[in-house]
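Here are some notes on the model you sent, set out as numbered points. Please read them with the coordinates open beside you.

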Amino acid sequence: MKEVMILTGAGQIGMAIARRMGYGKKIVIGDKRLENARAIEKIMADAGFDVTAMEMDLSFRESIQKLIAEAQKYGQISMLVNAAGVSPSQAPIEAILKVDLYGTAVLLEEMGKVIKEGGVGVTISSQSGHRMPALTPEEDEQLAVTPAEELLGLSILQPENIKDTLHAYQIAKRCNEKRVMAEAVKWGEKGARINSISPGIVVTPLAIDEFNGPRGDFYKNMFAECPAGRPGTADEIANVAELLMSDKGAFITGADFLIDGGATASYFYGALKPQE
């Protein structure tokens, strides 16, 4: 029996974190597309990691529970890396809310029930959650503590209150940050920690598709005009995840870390500021 890491979302950021933190552990990868999970499984297995791939749909509690049950066969679950989700250009509003908002809430809840004492988790949010205007304290609290099965019934999440897929994505990521704060209180009862990371534009195969797609000029301008003057890499996100998931981050829980090369700063106070 080993300590177990669950990785949801078979992408570059999740793999970079798993490679940094998953040595000596059993790593169970869940992704909606099994072929994606198996591709990451092969890369990591060829590098000496002990990995098993599974099909997992973040939008269904039963699928999440099945992944956790499989992981428990190998030992106690001590780490969660949640990098699953869909983007504004990939999915309609309903799917974004069901996967990124509801699914993440359920995953954090279910993991909180089984995480080993002293365990740790990190969930990948997005800079988009920092761009949206502030919500009311009441709305923030609703997103943080409403039972997961009631979340999608909130007034703030009804179709007439969601402008487009980008707005749905932004509010989903805001919800992720608030859920992490609320879950950190529950996880803390086991001495476990949970944090979120909000990356900016990071070069991945998906991002390269976006650069060459209809919104490509928008994205290219975003990283050109941010203080860093470039997009990030998955390993730079993993650098921060390593801090959060190691003993060096033992006093950090319930927090969100914006890693975007200064794009959000430029959005509010620089060249990326929307013109009135």
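1. Which residues of helix α5 (residues 137-145) are buried? In this predicted model, they are D140, L143 and A144. Viewed down the axis of α5, the buried residues fall within an arc of 100 degrees, so they line one face of the helix. On the other side of α5, E138, E141 and V145 are exposed.

2. The cover over the buried residues of α5 includes α6, the helix that spans residues 165-188 and holds R174. Leaving aside neighbours within four places in sequence, R174 is in contact with D140 and L143, and also with G129, M132, P133, A134 and L135.

3. The surroundings of R174 deserve a careful look. R174 is buried yet has no salt bridge, and E177, the nearest side chain of opposite charge, is 4.5 Å away, whereas a salt bridge would need a side-chain nitrogen within 4 Å of a carboxyl oxygen. The side chain of R174 does, however, reach two backbone oxygens, that of M132 at 2.7 Å and that of G129 at 2.9 Å.

4. Turning to the aromatic residues, a search of the whole structure finds 4 aromatic pairs. One of them is formed by Y267 and F268, which meet edge-to-face at 5.3 Å centre to centre, with 90 degrees between the planes. F268 and Y269 have ring centres 6.0 Å apart and planes at 40 degrees, so this pair is tilted. Y267, F268 and Y269 form one aromatic cluster.

5. As to accessibility within that cluster, Y267 counts as partly exposed at 24% relative accessibility, and F268 likewise counts as partly exposed, at 33%, while Y269 is exposed, with a relative accessible area of 75%.

Key:
Residues are numbered from 1 along each chain as its sequence is written. This is a predicted model: local features need pLDDT of at least 70, side-chain atom pairs count only at pLDDT 80 or more; totals for chains, interfaces and linings use all residues. Side-chain values use heavy atoms; hydrogens and water are left out. Helices (H or I, at least four residues) and strands (E, at least two) are DSSP runs, numbered from the N terminus. Buried means under 20% relative accessible area, exposed over 50%, partly exposed in between (1.4 Å probe, protein chains only). Lys and Arg count as positive and Asp and Glu as negative; His and the chain ends are not counted. A polar contact is a pair of N or O atoms within 3.5 Å; within protein, one must be able to donate a hydrogen and the other to accept it, and residues adjacent in sequence count only if both atoms are side-chain atoms. Contact means heavy atoms within 4.5 Å. The arc is that of the directions from the helix axis to the C-beta atoms. Rings of Phe, Tyr and Trp (its six-membered ring) pair if their centres lie within 6.5 Å; planes under 30 degrees apart count as stacked, over 60 as edge-to-face and the rest as tilted.
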